[in-house]
2 protein chains.
Amino acid sequence: MEKLEKYYHQIKNSPVFYGMKDDELQGLLDCFNARIRNFEEGEMIIRQGDRITNIYLILEGAVNIEKDSYWGRRIIITQLSVNDNIALAFVASKNIESNIDAVAAQNTRVLVLSYEKCTSMCQNACTRHKVLINNLFDILSKENIELIQKIENVSQKTIRDKLLTYLSNEARKRKSNSFEIPFNRQDLADYLNIDRSAMSFELSKLQKEGLIKYNKNKFVLSARV
Amino acid sequence: MEKLEKYYHQIKNSPVFYGMKDDELQGLLDCFNARIRNFEEGEMIIRQGDRITNIYLILEGAVNIEKDSYWGRRIIITQLSVNDNIALAFVASKNIESNIDAVAAQNTRVLVLSYEKCTSMCQNACTRHKVLINNLFDILSKENIELIQKIENVSQKTIRDKLLTYLSNEARKRKSNSFEIPFNRQDLADYLNIDRSAMSFELSKLQKEGLIKYNKNKFVLSARV
DNA sequence: ACATTTCCGTTGTTTTTACAACATTATTAA
DNA sequence: TTAATAATGTTGTAAAAACAACGGAAATGT
């Protein structure tokens with residue numbers, strides 16, 4: 001449990017516990033039976049079919065939310081990183097099985113909280129729970145908006161439009177025309193649901209036309225995009 | 001305001017107000033400055049760029065959540081119907097502009113609640129607000145899961161796979177192999193991001209092969225799907 | 001009932017994509 | 001450093017989709 005101390009500051013400032021007083025947070029972490037778990041790159045944190053009763057807060061690393069299509073193709077729904085929650089939506093809907101996998105995209109450290117245990121104990125009555133549920137509501141809202149964004153990205157007709165939409169949305173999010181993306185080429189292709197090689201080809205074309213520049217995961221959008 | 005009475009029972013049993021006592025609900029409706037608005041088919045309820053401060057609960061009709069792509073194509077994110085909330089995610093994230101349009105898909109009656117007004121008055125202190133935020137959390141969770149479902153639908157590679165994934169997901173949701181879909185052909189195409197005529201062609205093919213049967217919006221899936 | 005409009009299915013053509021196979025460049029391990 | 005492995009880029013070909021154009025059915029309005 002000593003490890004928890006090391007991350008206390010980060011936890012306190014995470015969106016989940018934002019605005020909570022020290023004593024409230026401390027009590028909540030106890031109530032939640034808070035513990036830290038580590039996952040190696042490629043390890044499954046959540047599997048399709050699981051019933052999720054824990055809140056997972058990413059302390060270090062990154063996690064891909066994926067789905068294997070019926071025909072074996074991999075779909076990347078989104079990539080989560082530090083301070084994000086994994087599969088929060090399934091915590092609220094207790095009786096719904098997860099329809100996604102969560103896979104560590106790097107070595108990843110996660111704070112695990114027994115949501116069920118806490119809510120059954122305090123029966124939503126304590127003030128700290130009120131702050132918490134407000135925060136969770138905010139987080140889910142943002143996730144919701146992100147998912148809509150993703151739908152926009154993958155709903156473009158051509159590979160070119162998918163790339164341009166994705167890249168300009170990223171640029172807007174980071175408020176800069178120069179940014180790194182969290183995906184390698186294959187992952188980006190799985191995120192945009194397109195063929196990797198065809199995507200590579202289109203990327204070079206965009207670069208030749210001067211619309212974008214890139215080197216590995218670092219992209220720069222020209223003003224014209 | 002007399003109209004409100006007519007829908008009182010429905011409102012009381014909607015997911016937003018689920019579990020609320022009569023006096024709590026009555027107080028909340030006052031506090032919320034609840035009112036009813038009607039929209040004709042095709043009318044815009046919410047536009048991209050709007051800042052949403054109201055909760056919208058659909059009492060009658062249906063609403064398409066849409067997005068016009070940069071290049072003018074229409075994307076249908078989802079269709080909402082009775083008891084659903086419109087753009088709830090944007091209510092929580094006050095400072096984020098809506099990036100979607102909400103368009104009445106039929107003549108539609110909506111209960112409008114000034115979320116902002118209510119929260120500023122009771123400052124989250126009243127018990128009824130606690131029930132409410134819990135309900136909203138549940139609703140957003142389900143919406144979230146729905147969006148992931150939609151991403152799965154549109155992430156299939158071929159028109160055939162998109163159709164089969166969509167249809168079998170619908171069948172699972174309704175717990176029946178026989179069901180009606182809320183879309184006409186053009187809307188379904190805009191939902192799955194495919195060409196209408198190509199989709200029509202694939203639908204007939206699926207029917208010829210005996211995988212599905214359909215008549216207008218009524219679909220029956222064969223056991224093999 | 002008739003005209004008008006909207007919706008749906010069909011077909012042929014052009015464009016785009018997936019896929020496979022391979023070249024080149026990074027990265028890792030020995 | 002070199003060999004081995006992984007990641008990315010390139011090209012040609014087959015498959016799939018978009019698009020346009022049109023015919024017929026269904027719905028709507030008068």
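Axes are lines fitted to C-alpha atoms, for helices over the stretch in contact, and the angles between their N-to-C directions run from 0 to 180 degrees. In the predicted model described here, the axes of α7(A) and α8(A) come within 11 Å and cross at roughly 105°. Angles of 65 to 115 degrees count as roughly perpendicular, so α7(A) is roughly perpendicular to α8(A). On the α7(A) side, the contact is made by Lys162(A), Leu163(A) and Tyr166(A), which meet Leu188(A), Tyr191(A) and Leu192(A) of α8(A). By class, this contact has five nonpolar residues, no polar residue and one charged residue.

Helix α7 of chain A, residues 159–174, also lies across the strands β9, β10 and β11 of chain A. Its direction is at about 100° to β9(A). The three strands form an open sheet in the order β9-β11-β10, and their pairing is antiparallel. Strands β9 (178–180) and β10 (212–215) of chain A are at the edges; each has a single partner strand, so one side of each is left without a neighbour in the sheet. From one strand to the next, the twist averages 20°. Strand β9(A) is joined by three bridges to β11(A), which spans residues 218–221, and the two run antiparallel. Across this pair, Phe179(A) stands opposite Phe219(A) of β11(A).

In chain B, the helix pair α6 (residues 127–154) and α7 (residues 159–174) was examined in the same terms. The axes of these helices come within 8 Å and cross at roughly 150°. Angles over 145 degrees count as roughly antiparallel, which is why α6(B) is described as roughly antiparallel to α7(B). Helix α6(B) contributes Glu146(B), Gln149(B), Glu152(B), Asn153(B) and Val154(B) to the contact. These residues meet Lys162(B), Thr165(B), Tyr166(B), Asn169(B), Arg172(B) and Lys173(B) of α7(B). The contact of α6(B) with α7(B) is made up of two nonpolar, four polar and five charged residues.

Chain B also holds an open sheet of four strands, in the order β1-β8-β3-β6 and with antiparallel pairing. Its edge strands are β1 (35–39) and β6 (85–86), each of which pairs on one side only. Strands β3 (residues 54–60) and β8 (residues 108–114) of chain B pair in the antiparallel sense over six bridges. Within this pairing, Tyr56(B) is opposite Val112(B) of β8(B).

The surroundings of DNA strand D include residues from both protein chains. There are 18 residues around this strand, and those that come nearest are Arg185(A), Ser200(A), Ser204(A), Thr158(B) and Ile159(B). At least two residues of the surface near DNA strand D are supplied by each of α8 (185–192) of chain A, α9 (196–208) of chain A and α9 (196–208) of chain B. Helix α9(A) gives the most to this surface, with five residues. The surface near DNA strand D consists of five nonpolar, eight polar and five charged residues.

Of the atoms of DNA strand D within 4 Å of the protein, 66% are part of sugar or phosphate, and the rest belong to bases. Side chains of chain A approach both phosphate and base oxygens of DNA strand D. A polar side-chain atom of Ser204(A) is 2.5 Å from a phosphate oxygen of the strand. For Ser200(A), an N or O atom of the side chain is 2.7 Å from a phosphate oxygen. In the side chain of Arg196(A), an N or O atom is 3.1 Å from a base oxygen.

Note on methods:
Residues numbered from 1 in each chain as written. Chains lettered and ligands numbered in written order. Predicted model: local features only at pLDDT ≥ 70, side-chain atom pairs only at ≥ 80, totals over all residues. Heavy atoms only, no water. Pairing = 2+ DSSP bridges. Near = heavy atom within 4 Å. Polar contact = N/O pair within 3.5 Å; in protein donor to acceptor, adjacent residues only side chain to side chain. Nonpolar A, V, L, I, M, F, W, Y, C, P; charged D, E, K, R; others polar. Parallel < 35°, antiparallel > 145°, perpendicular 65-115°, else oblique. Contact = heavy atoms within 4.5 Å.
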